[in-house]
Amino acid sequence: MKCRKLKIDGFYLGRFDYDSEAVAEIKKFAVDSKINSGFFTIIGAVKEAVISFYDQEEKKYFSKELKQHMEIVSCTGNMATKDEKIVVHAHACFSLPDGSTVGGHLVSMRIFAGELHFFPSKDKVERKFDETTGLNLMDL
Ligand code: ZN
């Protein structure tokens, strides 16, 4: 495992606006606040979401649209840069009315009500393409 110590620059609590798209909002917040990396969690509820699954053999993401109201059981993610652009990487687990859950790599989620807990850093963490996995991994 490779590790790098980052300097955390405060702690933000955030509340998403109704009907906003969370991944786009986090990217915009990072650009506006000059944040280069960080870690976050989100709790709340969504109107709909898009998740994906990475097929390790085909090295491709397969997306699934979840067009229903769901609770955000857990959503964790981080932020880094790739080619000078902010990249948000998050995974989410949602619960359905019957208590079952569905989750995966988060592509987008339309917020009903959502709270953000964000630990930002001005330190830069760049993502680089990794031949073995076919993914843009953090270069630590
Ligand atoms: Zn992922």
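**Set against the cut-offs**

Student: Why is Asn78 called buried?

Tutor: Asn78 has 19% relative accessibility, and buried means under 20% relative accessible area, with over 50% exposed and anything in between partly exposed (1.4 Å probe, protein chains only). So 19% puts Asn78 in the buried class. This is a predicted model, where local features need pLDDT of at least 70, side-chain atom pairs count only at pLDDT 80 or more, and totals for chains, interfaces and linings use all residues. Residues are numbered from 1 along each chain as its sequence is written, and side-chain values use heavy atoms, leaving out hydrogens and water.

Student: What makes the Asn78 and Arg127 side chains a polar contact?

Tutor: They're joined at 3.1 Å. A polar contact is a pair of N or O atoms within 3.5 Å; within protein, one must be able to donate a hydrogen and the other to accept it, and residues adjacent in sequence count only if both atoms are side-chain atoms. So 3.1 Å fits the distance limit.

Student: Which residues does Asn78 touch beyond four places in sequence?

Tutor: Among them are Phe39, His89 and Met138; contact means heavy atoms within 4.5 Å.

Student: How do you know that Thr81 is buried?

Tutor: Its relative accessible area is 3%, so Thr81 falls under the buried limit. Thr81 lies in strand E4, a DSSP run (strands, E, at least two residues; helices, H or I, at least four; numbered from the N terminus). The side chain of Thr81 also has a polar contact with that of Glu126, at 2.8 Å.

Student: Why are His89 and His91 called partly exposed?

Tutor: His89 comes out at 25% and His91 at 41%. Both values sit between the buried and exposed limits, so partly exposed is the label.

Student: What makes His89, His91 and His105 the donors of the zinc ion?

Tutor: NE2 of His89, NE2 of His91 and ND1 of His105 coordinate the zinc ion at 2.1 Å. Donors are N, O and S atoms within 2.8 Å of the metal (3.2 Å for Na, K and Ca), so these nitrogens qualify. Water is not among the atoms, so the site may look incomplete. The donor spacing in sequence is H-x1-H-x13-H.

Student: Why does Leu13 count as exposed?

Tutor: Leu13 reaches 66% relative accessibility, so it passes the exposed limit.

Student: Where does Leu13 lie?

Tutor: In strand E1, residues 12-16.
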